[in-house]
Amino acid sequence: EDFRVGDQLKVNYIQFSPATFEKDVEVDSIDIEDYYDQNFEQYEEPEQVKASHILFKVENDAEEAAVEEAKKKAIAAIERLKNGEDFAVLAKELSEGPTGPNGGDLGFFGKGRMDPSFEKAAWDLELNKYTELPVRSRFGWHVVMKTGYQEQSWKSLEDVADQIESKIRKDESKVLAMQAAQGVFDNVEPGITTLSSLVEGTSYTLKESEFFEPKQVPREIGYARNLQDILENLAEGEISIPVETIRGVFVFEKTASKASHIPAFEDVKDDAVSKFKNGTATELAMAEAEKIKAELVSGKTWEDVATEFELKSENTGDFTRGLSIPGVGGDEDTVDELFALTQGDLSKVYNIRSNAAIFKLVSRQDFDQAAFEKDIPRLRNQILTRREASVVDSWLEQMKQELSRQGKFKINRMEQL
């Protein structure tokens, strides 16, 4: 039963690729200006600082002696800076972080991007000054230097004009692709017309798929939210309405179907062997992960266990509640369980994408009500701008429909490429 194939179908289809219509889209300066005005908030360049640091690593739950040892190293680095040594040179020599080889340069970053204590230190410093006391974060002790500052600003229309033109052209080409597909579909006579007859005398190409399950469409067709339902409800010989997927706009004709069945062993032999190997490997990995967790629970440090088992410890960085864990995967339930942990807690062993994973909560940042309230005026203005644009667009659409009914408005439709 593990290898049972669901109901399958085979289709002929015509693909209308938006890229082939881009050359037919005309975009003028007024279109670009209107788009810029309606989406002004997209072009904000937030206030940012640039910083470098020298990091001396120590775990959050490390013993006091280890914490103090790392702090002493940071203090010694500060003394060398006070004696005139160059920050970047010192970072290359001493920093235990990944930016050490680059002189500790972290580049520009906005508020909310870094560990809270590190962020406060970087923002509070004067330009080209360094912290005279070590700064503690979940990664260890830092010596921080502020190397740049950028005020809040907005990209000018001139800076983003080409980008906007490309966006409008792509959006409008999708509209033309749908209009072309609709033009073909308008000529369908149920029970009589075939897709092959519709492409005769046109530049369109009729394509044919292999058998597939509607929930697993071929890659060349691509995903669409309603595609599975449309395909499952097609009768043999029936032609679908135009469907927009990530690959373009399609019109389908169902040509054959197969009922759910279990394939002959020879047809799935390779898959069976592969599944067996992968399943066994996953079971072994989960068992090994349970051993690792037991070592951590017994009191061994995270770093010592990683070294003992020759594993690489990864840090997710800060993330919010969502459907998965950045760089790892998982699901919403996994994320919710991790958010229920307290600092220093270990998670259970998870099977994520056939890989075993253990998590340790190193820090958390609760919702900042004060920062949110401070940002309310900007958010309110952003919502109002979008709402105003939506009202105007709605009014224009109503006017188009009314004029169309009166015969005073018409959209020319391209019948073929």
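**Exercise 1. Determine what share of contacts joins residues at least 24 apart in sequence, and describe the protein as a whole.**

Solution. Consider the contacts in the protein between residues at least 6 apart in sequence: 65% of them join residues at least 24 apart. The model under study is a predicted one. Its secondary structure consists of eleven helices and twelve strands. Of the 417 residues in the protein, 33% are buried. The exposed surface comes to about 26400 Å², and carbon and sulfur atoms supply 49% of that area.

**Exercise 2. Establish which residues of helix α3 are buried, and explain why they lie on the same side.**

Solution. Begin with the residues themselves: in α3, which spans residues 87-94, Phe87, Leu90 and Ala91 are buried. These residues lie on the same side of α3 because they cover an arc of only 105° around the axis. The general principle is that an α-helix has 3.6 residues a turn, so residues three or four places apart point the same way.

Next, turn to the face directed away from the buried side, where the exposed residues Val89 and Lys92 are found. The cover over the buried residues of α3 includes β3 (48-57), α2 (64-82) and β6 (140-150). Finally, examine the start of the helix: there a side-chain oxygen of aspartate 86 comes to within 3.1 Å of the backbone nitrogen of alanine 88.

**Exercise 3. Identify how strand β6 is paired, and state how many of its residues are buried.**

Solution. First, the burial: eight of the eleven residues of β6 are buried, and the strand is thus described as mostly covered. Second, the pairing with β3: the two strands run antiparallel and are joined by ten bridges. In this pairing, leucine 55 stands opposite histidine 142 of β6.

Third, the pairing with β5 (residues 135-137): this is also antiparallel, with three bridges. Here arginine 136 stands opposite tryptophan 141 of β6. A hairpin through two residues connects β5 to β6.

**Exercise 4. List the buried residues of helix α4 and name elements that cover them.**

Solution. Helix α4 comprises residues 116-124, and its buried residues are Phe118, Glu119, Ala121, Ala122 and Trp123. Elements covering them include β3, β4 (105-109), β5 and β6.

**Exercise 5. Explain why glutamine 48 counts as buried, and find its contacts.**

Solution. Glutamine 48 is placed in strand β3. Its relative accessibility is 15%, and the cut-off for burial is under 20%, so glutamine 48 counts as buried. Neighbours within four places in sequence being left aside, glutamine 48 is in contact with Phe108, Phe109, Gly110, Trp123, Tyr149 and Gln150.

**Exercise 6. Describe the largest nonpolar core and the elements that supply it.**

Solution. This core has 26 residues, of which Ile14, Phe16, Ile164 and Tyr204 touch the most other members. At least two residues of the core are supplied by each of β1 (8-16), α1 (29-38), α5 (157-185), α6 (195-199) and β10 (248-258). Helix α5 gives the largest share, namely nine residues.

As a closer view of one member, take phenylalanine 16. Neighbours within four places in sequence again being left aside, phenylalanine 16 is in contact with Phe21, Ala177, Ala180, Ala181, Val184, Tyr204, Gly248, Val249 and Val251. Apart from the largest core lies another, of 15 residues, which include Phe56, Ala77, Phe87 and Val143.

Terms used. Residues are numbered from 1 along each chain as its sequence is written. This is a predicted model: local features need pLDDT of at least 70, side-chain atom pairs count only at pLDDT 80 or more; totals for chains, interfaces and linings use all residues. Side-chain values use heavy atoms; hydrogens and water are left out. Helices (H or I, at least four residues) and strands (E, at least two) are DSSP runs, numbered from the N terminus. Buried means under 20% relative accessible area, exposed over 50%, partly exposed in between (1.4 Å probe, protein chains only). Contact means heavy atoms within 4.5 Å. Accessible areas come from the Shrake-Rupley method with a 1.4 Å probe; for residues, only the protein chains shown count as cover. The arc is that of the directions from the helix axis to the C-beta atoms. A polar contact is a pair of N or O atoms within 3.5 Å; within protein, one must be able to donate a hydrogen and the other to accept it, and residues adjacent in sequence count only if both atoms are side-chain atoms. Two strands pair if DSSP finds at least two bridges between them. A nonpolar core is a set of buried Ala, Val, Leu, Ile, Met, Phe, Trp, Tyr and Cys residues joined through side-chain atoms within 4.5 Å.
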